[in-house]
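I opened this entry to trace one sheet strand by strand. After that I turned to the cysteines.

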Amino acid sequence: MKALYCQQNSPGEEITFVFQERENLPPTRDNDVKVQVRACALSWIDTKLLSEIKLEKELVPVGREISGVVLEVGRKVTFFQPDDEVVGILPLDSEESGLCEVVLVHEHYLVRKPEKVCWVEAAGTVRDGVRAYTALHYLSHVSPGKTVLVMDGASPFGTIAIQLAQHRGAKVISTAYSLEDKQYLERLRLPVEGIRQPLVARVIDVSNGKIDVAESCLEETGGLGVDIVIDAGVKLYSAEDESASKSQLLPHKHDIITLLGVGGHWITTEKNLQLDPPDSHSLFLKGATVSFLNDEVWNLSNVQQGKYLSILEDIMEKLSSNIFRPQLDEPIPLYEAKVSMEIVQKNQARKRQVIQF
């Protein structure tokens with residue numbers, strides 16, 4: 001059996017992806033489930049995080065979000081039996097590559113896949129679903145009547161975050177980075193008693209750099225500001241320090257602080273966020289909070305295992321009932337996985353890439 005791994009010979013060097021022939025799987029341990037993989041989604045590999053938590057190794061397994069069929073279970077496994085259809089995310093320290101025909105997984109990382117949900121959708125939604133739940137439920141407590149701003153709503157994560165926020169009764173505003181993204185967001189609809197209601201109350205097109213996000217949000221909320229902001233990165237410095245074209249479209253941290261309402265929550269994906277004393281003072285005056293979105297925290301501690309599994313089950317239930325409609329690319333065959341993973345690692349994929357076996 002072949003499996004895909006990522007190789008980085010020295011820090012700062014470009015990552016390469018290689019298929020390696022695998023030896024036979026070790027015997028199934030007491031709590032392990034042997035899964036025949038049917039689909040595996042591709043996600044960006046954070047090599048810096050792996051080195052920080054001492055999980056760096058010469059060959060890092062690629063592909064962690066999997067769906068498949070149970071072939072065999074360990075003698076202490078209570079949740080599953082052979083022929084069950086399952087979905088889950090392999091832990092950060094897993095020795096297994098999800099891009100392999102058969103993998104061994106501890107039963108506490110898997111949940112049942114509903115019959116109505118296809119393999120590709122299950123694997124392609126599970127990570128974005130966990131991120132959306134972490135942001136909206138655990139970091140900001142979304143509830144009916146709240147206003148949520150989702151930056152880059154046309155991304156795979158943005159799409160699920162919008163659908164979850166709207167399902168929870170929040171009013172959603174989103175930014176679009178291109179005309180194509182704007183049209184996609186305007187097409188997102190929710191069927192309510194025969195009327196197809198838009199999911200996004202306002203789409204702010206920032207692609208030409210002329211629209212002021214803070215001004216648009218304050219206008220939309222009658223000057224009160226938004227309750228929850230989920231960013232997709234922020235500008236940390238002034239315009240002349242920024243080089244890449246994508247970062248030109250990102251909001252400045254001052255814009256986000258300006259558009260936050262009283263008691264608002266700013267959920268950031270910017271791990272190097274720096275707040276100056278005036279920024280902190282503005283947040284203090286509003287009684288606002290800043291939280292960092294790191295969905296890996298669920299698997300870094302076993303304390304939250306029960307909550308984590310209930311999130312996975314809820315994601316599958318929402319997929320099954322069409323509340324979640326993920327932003328997926330066409331399924332990709334295994335032999336193209338290496339090329340697809342290179343695109344994902346360079347952040348060049350606008351839709352979630354899923355390998356189908």
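I count two strands as paired if DSSP finds at least two bridges between them. The model I am reading is predicted.

**Edge pair.** I began with E10 and E13. They pair in the parallel sense over 4 bridges. I looked up Thr 175 and found its bridge partner in E13, Ile 204.

**Strand order.** Next I wrote down the whole sheet. It is open, has 6 strands and runs E13-E10-E9-E14-E15-E16, with parallel pairing. Which strands stand at the edges? I find strand E13 (202-205) and strand E16 (289-292) there. Each has a single partner strand, so one side of each is left without a neighbour in the sheet. I also noted the turn between neighbouring strands, which is 15° on average, direction ignored.

**Inner strands.** I moved on to E9 and E10. They run parallel and are joined by 4 bridges. Leu 149 has Ile 173 in E10 as its bridge partner. On its other side, I checked E9 (residues 147-150) against E14 (residues 226-230). These two pair in the parallel sense over 3 bridges. Here Val 150 has Ile 230 of E14 as its bridge partner. As a reminder to myself, strands of a sheet pair through backbone hydrogen bonds, either parallel or antiparallel.

**Helices on the sheet.** I then asked what helix H5 (residues 213-220) touches. It packs on the sheet and touches E9, strand E10 (171-176), E13 and E14. The direction of H5 makes about 165° with that of E13. Helix H8 (residues 277-286) also packs on the sheet, touching strand E15 (260-268) and E16. For H8 I noted an angle of about 125° with the direction of E15.

**Crossover and cover.** I followed the chain from E9 through helix H3 (residues 156-167) to E10. Together they make a right-handed β-α-β unit. Is E10 mostly covered or mostly open? I find E10 mostly covered, with 5 of its 6 residues buried.

**Cysteines.** I searched the whole structure for disulfides and found 0. Cys 40 is in no disulfide, and its nearest cysteine sulfur, that of Cys 100, is 10 Å away. Why no bond from Cys 100? Its closest cysteine sulfur, in Cys 40, is 10 Å away, which is too far for a bond. My cut-off for a disulfide is sulfur atoms within 2.5 Å. I checked accessibility as well. Cys 40 counts as buried because its relative accessibility is 0%. Cys 100 counts as buried too, at 0% relative accessibility.

Methods. Residues numbered from 1 in each chain as written. Predicted model: local features only at pLDDT ≥ 70, side-chain atom pairs only at ≥ 80, totals over all residues. Heavy atoms only, no water. Axes fitted to C-alpha atoms, helices over the stretch in contact; angles between N-to-C directions. Contact = heavy atoms within 4.5 Å. Buried < 20%, exposed > 50% of the residue type's maximum accessible area, 1.4 Å probe, protein only. Right-handed = clockwise from strand over helix to strand, strands pointing away.
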